[in-house]
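Student: I have a new structure to look at. Can you walk me through it?

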Amino acid sequence: MRVEVPMISYHSSEDGKSDRIMAVDCHPDASETSVTFLTVGGGGGEGDVRIWHVAEGQSPRYCSSLRKGHDGSVNCGRWAPEGSRVASAGDRGAVCVWSGGSSASWWRSLDENDERATCSKLAHADDVYDVAWSPCGEYLLTGAIDHTAALWHVGTKRRVRVISDHAHYVQGVAFDPRGECFATQSSDKTVRVYDEDWKKAAGKVLKFWDSDDKRHAVFANELQHAGFFRRLGFATDGELLVAPAALAAPGWEDHKTGAVAFARGEAARGPCAYYPAPDGQASVVKASPVLFDAGTRSLFALAFRDAVAVYDVAAPNPLLLVRGLHRAALTDLAWSNDASMLVVASGDGYLSFLKFSPDDLGRPDPPSRKLNIARGPPADPTPEPSPAKQITMLVAREKPELEDYETFDQLPASTPVKKKYSQPIDLAGDDDHHHHRAAAAAAAENVRLGDHHTNGQPARGSNNKKKRRIAPTLVADAA
């Protein structure tokens, strides 16, 4: 495995410092070996969606910005399954659906004055933290701080359903890859899964797990998990739902939070697996877009506060664990379409690129062998009963070998695997690093991007004045 951290300011504030990245996503076009990806972020002023391209052996190259739909921070951005649309959402309830070509090259061809990407708007009532597309690409799910999730029919811009079952912020939403249900996670300490009638306003909660159950408190509250996101996700084969912000399993109380998994059709029985966080917090789950080893293995990545792990759903210990990449908490993950690369986003404004060889994860299936996802809910709303499963609690009981880096500045652009273990290092809260990088901008290559906004958390009802355009800077590749 190689680790690359190009010193590119993807979203910059007016003072030249890197503004945080709130989400990253890769285009699903499987016809290319290079990767086209988007970033969204910022801290409160004008926000936009930025399109980038990275080829093997090169630094990411800025392509274009989608900026007309948002007047506040953008908190999430996701490409639709067919690649012809982007959904972005953020402050003040703004949800934008950008439409264009289905190929990655079409999105790369946009420039600052190109009007080909059309924008249609949906209006959630308050700041939106997460979005998810249905496998068929016809529906969009949004989760917001008004304690609700909304299901939209994108073509008609019609809100099909409002989920009002949560008592606090909805910080993560996910669709089942089989198209049979969707899930929401909130800082009210619950995960809820909605059944095969998910398109109907009267659809019921099929199953849920509530941390207030007296048997065991499963999820952390908003004080125990002080992050923006609880981005849960289904495994590629749909057999597991993995949810972050979980409290330590019995016997693992030295870990503050981690993640738990629920087996398909068995969520009411509680978690079947627990993944302890090496650094105190787990916030993002992202399944690999392809299966591995002739369809026999399904992988997913977990982002902890300052570490990234890749798991096989059938094993309790991670295949890979990398930490020490960034100076602020990690915010999102994105796999390339062939699972050869994992992009890691951080609140410090930088991205890490983890590039895998077949020996690291196994042999990914070709694009034609992707999971055969459903194109909508089943025609028969009554599911066939599934045979009872023996649920075994999987807990990581050994510390894996870590690829550990002592400081962000020492991380080379291409780093071979290191095999040693050391204690986690808190790299947050040091602005001197960013100031040093910004000071080097005068000698670096300038990359013209769009509007930027100041640092800080996305705030409800913020009313920042329009910001002047800044040219974010490719500072340097880490040497």
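Tutor: Sure. This is a predicted model. The protein chain has 479 residues, and 60% of them count as buried.

Student: What is the secondary structure of the protein chain made of?

Tutor: Three helices and 33 strands.

Student: How about contacts between residues at least 6 apart in sequence: what percentage join residues at least 24 apart?

Tutor: 59% of those contacts in the protein chain do.

Student: And how much surface does the protein chain expose?

Tutor: About 18700 Å². Carbon and sulfur atoms supply 50% of that area.

Student: What does UniProt say about repeats?

Tutor: An unreviewed UniProt entry places the feature "repeat: WD" at residues 67-99, 121-162 and 163-195.

Student: What does the chain look like over residues 67-99?

Tutor: That stretch is 55% strand and 0% helix. Its end C-alpha atoms are 14 Å apart.

Student: And over residues 163-195?

Tutor: There the chain is 52% strand and 0% helix. The end C-alpha atoms are 13 Å apart.

Student: Let's go inside. How many residues are in the largest nonpolar core?

Tutor: It has 25 residues. Those with the most contacts inside it are V310, L333, W335, L342, L354, F356 and L361.

Student: Which strands each supply at least two residues of this core?

Tutor: They include β24 (299-304), β25 (307-312) and β26 (320-323). β27 (330-335) and β28 (341-346) each do so as well.

Student: Why would nonpolar side chains be buried together?

Tutor: It is a general tendency of nonpolar side chains in soluble globular proteins.

Student: Back to V310. What is it in contact with, leaving aside neighbours within four places in sequence?

Tutor: Its contacts include L299, F300, A301 and P318. Also among them are L319, L320, W335, L342, F356 and L361.

Student: Where does V308 lie?

Tutor: V308 lies in strand β25.

Student: Is V308 buried or exposed?

Tutor: V308 is buried, because its relative accessible area is 2%, under the 20% cut-off.

Student: What does V308 touch, again skipping neighbours within four places in sequence?

Tutor: V308 is in contact with L302, L320, L321, V322, L330, L333, L342, V344 and L354.

Student: How far is V308 from P278?

Tutor: They are 30 residues apart in sequence. In space, they are 9.4 Å apart, C-alpha to C-alpha.

Student: New topic. Where is H53?

Tutor: H53 is in strand β5, residues 49-54. H53 is buried, with a relative accessible area of 12%.

Student: Which side chain does the H53 side chain make a polar contact with?

Tutor: That of S34, at 2.9 Å.

Student: What else is in contact with H53, beyond neighbours within four places in sequence?

Tutor: Besides S34, H53 contacts V35, T36, F37, S59, P60, R61, C63 and R108.

Student: Where is S73?

Tutor: S73 is in the loop between β6 (61-66) and β7 (74-79).

Student: Is S73 buried or exposed?

Tutor: Buried, because its relative accessibility is 0%.

Student: What does the S73 side chain make a polar contact with?

Tutor: The side chain of N75, at 3.4 Å. There is also a link across the sequence: S73 and G47 are 26 residues apart along the chain. Their C-alpha atoms are 4.8 Å apart in space.

Student: Now cysteines. How many disulfides does a search of the whole structure find?

Tutor: Zero. Take C119: the nearest cysteine sulfur, that of C96, is 3.9 Å away. C119 is in no disulfide, because that distance is not within the 2.5 Å cut-off.

Student: Is C119 buried or partly exposed?

Tutor: C119 is partly exposed, with a relative accessible area of 34%. C26, on the other hand, counts as buried at 7% relative accessibility.

Student: Last topic: backbone angles. What is phi for H147?

Tutor: H147 has a positive phi of about 75 degrees, although it is not a glycine. H147 lies in the loop between β12 (139-144) and β13 (149-153). H147 counts as partly exposed, at 29% relative accessibility.

Student: And what is phi for D293?

Tutor: Phi of D293 is near 50 degrees, a positive value in a residue other than glycine. D293 lies in the loop between β23 (282-287) and β24. D293 is partly exposed, with a relative accessible area of 28%.

Note on methods. Residues numbered from 1 in each chain as written. Predicted model: local features only at pLDDT ≥ 70, side-chain atom pairs only at ≥ 80, totals over all residues. Heavy atoms only, no water. Buried < 20%, exposed > 50% of the residue type's maximum accessible area, 1.4 Å probe, protein only. UniProt positions renumbered as here; feature names shortened; annotations may be inferred. Helix = DSSP H or I, 4+ residues; strand = E, 2+ residues; numbered from the N terminus. Contact = heavy atoms within 4.5 Å. Areas by Shrake-Rupley, 256 points an atom, 1.4 Å probe, with all protein chains shown as cover. Core = buried A, V, L, I, M, F, W, Y, C linked by side-chain atoms within 4.5 Å. Polar contact = N/O pair within 3.5 Å; in protein donor to acceptor, adjacent residues only side chain to side chain.
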